[in-house]
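User: Hi, I'm new to this one and could use a walk-through. Could you show me the structure and then take my questions as they come?

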Amino acid sequence: SEAAPRIDLTACDREPIHIVGSVQPHGFLLALDARTLVVAQASANAPVAASIGTALEAVFPELAALARRSLDGGGEADGAQYLRTVTLGSGATRQAYEVAAHRVDDLLVLELEETDDASGEAGLDALNPRLRAFVQRLHTAPNVEDLCQLLAADIRHITGFDRALVYRFDRDWHGTVLAESGNGVLPSYLDLRFPASDIPAQARELYRRNRLRIIPDAGYAPVPIRPAMTPAGTPLDLSQSVLRSVSPVHVEYMRNMGTMASMSVSILVDGVLWGLVSCHNGTPKRVPLQARNACDFLTQVFALQLSAKVRGEQAEQRLALGAIQARLLGFMAEEDSFVDGLLNHPDDVLALVNAAGAAVVTADRCRILGAAPPEGEVRALYEWLSARGEAEDVFVTEALAEDFPRAQGIADRASGLLAISVSKRYPSYILWFRPEVVRTVKWGGNPVKAVQPDPEGGPDRLHPRKSFEIWKETLKGRSLPWSLPEVEAAKDLRASVLGIVLRRAEELAAMSE
Ligand code: BLA
């Protein structure tokens, strides 16, 4: 395979996507002085009547009344706030718009999206039974995958996209498609993984703050906002805008994927971006603001249910591990040495963190349980752990050889390591091991080529990959991951051991007084 081109990936993260100075052409934007409602900035496609310096009141009184109401209502809520549908102009220029409003410092930003339907409110009524049914079904979904499937199907149904998928981020911000609903027009991406660089850091941060975005036509020409600067002398912050023009790199990405329209909705769990619902159409496609709001609402309900489900599963595991923990505590207390308490009950020691092997190692002794590596290797591991300086209380990895290359030779027994130090004074550890589980990851296109340099050698312009053909990677030297309750169980055991050792030391001291 070719060597990867050397590219500065942070260039993607640095693109200032919130101050692009332009909007998409399916609507227009007015930035008004929030006190006077005089037009301070307008997109070049705004009606001439609303030119810079005009009082909105004088030209579009109905719109001005809406703006006032939005200001009185606070308008401090996050994100663009849907107001209602208005019709502007008359005769041939008559056009209905859905209006969204939000504050940016001293400005009130109005965005008007063209719509064919002047009876927007009726649309919301039609959605109501659907939303209610969705909430009902969420309660019955047995697991996270089914929950995601319900969301993908419902969002596709509400919007009519060719494909809707639920995409979850992992710790490295790569993402995997967990659920998909499609009509066969676009290829399936189910189970595929996509590299973190597809959605750079500043885009993820923006999507955390503004939950929904739409690109109705990836072939659009951006419409500039004039003048370029606000009265305060800064570019207009479009973070909460619904019309914001999107990154050209991303538009290219969409075209390479064979998609001409997209919508994505952020899934936030406890304030953290957990994933996205990503929808696509082969041809340009608009989704009314009302339907988008319904999708946002659905996704928020989903996220609450998801968070409850994850917590529930963790609570169940904590309960099960807690019972094992209590037994081990009893065994350790019965023996003169806590080590004997553990060694006499190897099944519980392993079950405490669902490990295949374990070892209790001190400077002069090494005792092994279950499918652990040979003693010489455990000893080498012990030396390495002790030499890491400031002894860590807990060390967890599912790919030991990445930190400790010598472990390549014992991958079959020790790809996963969970280690706790059980003495404050002398390096002593309890180690748990998990075997290698070789996995094949299917990527949506070769992740090594995810970012392409400019063919003309331009310094800043980067390009997305051209092909999204499945690219298989075999992951070796990795175990199944340790769950949060498992790591907590190990930490709890550590606290118990330290407590027992301390109490014994005090008893000894008392006896010798
Ligand atoms: C934005 N990238 C996005 C978005 C998605 C993806 C969903 C949000 C915009 C939208 O809804 O269309 C990526 N879409 C995906 C992925 C899947 C999907 C992974 O459906 C999986 C199924 N992109 C690149 C490279 C760069 C890049 C190399 O491939 C940068 C050099 C940038 N992507 C990029 C930027 C945005 C983006 C800057 C933000 C666009 C914006 O909001 O302005």
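Analyst: Sure, one term up front: a residue is buried if 20 or more other C-beta atoms lie within 10 Å of its own, exposed if 12 or fewer, and partly exposed in between, with C-beta atoms placed from the backbone. Also, this is a predicted model: local features need pLDDT of at least 70, side-chain atom pairs count only at pLDDT 80 or more, and totals for chains, interfaces and linings use all residues. Residues are numbered from 1 along each chain as its sequence is written.

User: Is Trp-173 buried, partly exposed or exposed?

Analyst: Trp-173 counts as partly exposed, because it has 15 C-beta neighbours inside 10 Å. Trp-173 sits in the loop between E7 and E8, and its phi is positive, about 70°, although it is not a glycine. On the labels: helices (H or I, at least four residues) and strands (E, at least two) are DSSP runs, numbered from the N terminus.

User: Which other residue that isn't a glycine has a positive phi?

Analyst: Asp-270 has one, at about 50°. Asp-270 is in the loop between E12 and E13. Asp-270 is exposed, because it has 9 other C-beta atoms within 10 Å.

User: OK, zooming out. How many helices and strands are there?

Analyst: The protein chain has 14 helices and 22 strands. Its C-alpha trace spans about 100 × 55 × 45 Å along the principal axes. Of the 513 residues, 36% are buried.

User: And what domains is the chain divided into?

Analyst: There's domain 1 (10-310) and domain 2 (335-438 + 476-511). Those bounds come from an automatic or database domain assignment. The C-alpha centres of domain 1 and domain 2 lie 49 Å apart.

User: Now the inside. Which residues touch the most other members of the largest nonpolar core?

Analyst: Quick definition: a nonpolar core is a set of buried Ala, Val, Leu, Ile, Met, Phe, Trp, Tyr and Cys residues joined through C-beta atoms within 7 Å. The largest one has 40 residues, and those touching the most other members are Leu-151, Ala-152, Ile-155, Leu-165, Val-166, Val-277 and Phe-302. Elements supplying at least two residues each include helix H4 (120-140), helix H5 (144-159) and helix H8 (289-334). H5 has the largest share of this core, 7 residues.

User: What is Leu-151 in contact with?

Analyst: Two residues are in contact if their C-beta atoms, placed from the backbone, lie within 7 Å. Leaving aside neighbours within four places in sequence, Leu-151 is in contact with Val-166, Val-277, Leu-298, Thr-299 and Phe-302. There's also a second, separate core of 39 residues, with Leu-321, Leu-350, Ala-358 and Trp-432 among them.

User: What about the ligand, which residues are the closest?

Analyst: The closest are Cys-12, Val-246, Ser-247, Ser-264 and Pro-464, out of 29 residues that surround the ligand. Here, near means that a residue's C-beta atom, placed from the backbone, lies within 6 Å of the molecule or strand in question. Elements giving two or more residues to that shell include strand E7 (163-169), strand E8 (175-182) and helix H7 (248-256). H7 gives the most, with 3 residues.

User: How do those shell residues divide into nonpolar, polar and charged?

Analyst: There are 19 nonpolar, 7 polar and 3 charged. For that split, Ala, Val, Leu, Ile, Met, Phe, Trp, Tyr, Cys and Pro count as nonpolar, Asp, Glu, Lys and Arg as charged, and the others, Gly among them, as polar.

User: Switching again: what span should helix H14 have?

Analyst: H14 (residues 484-511) has 28 residues, so at 1.5 Å a residue it should span 40 Å; its end C-alpha atoms are 41 Å apart, which agrees. The expected span is 1.5 Å times one less than the number of residues. Its buried residues are Pro-485, Glu-486, Ala-489, Ala-490, Leu-493 and Val-497. What covers them includes H8, helix H9 (338-343), strand E16 (394-397) and strand E17 (416-421).

User: Last one: which peptide bond is cis?

Analyst: The bond from Arg-226 to Pro-227 is cis, with omega near -15°. Pro-227 is in the loop between strand E11 (223-226) and H7.
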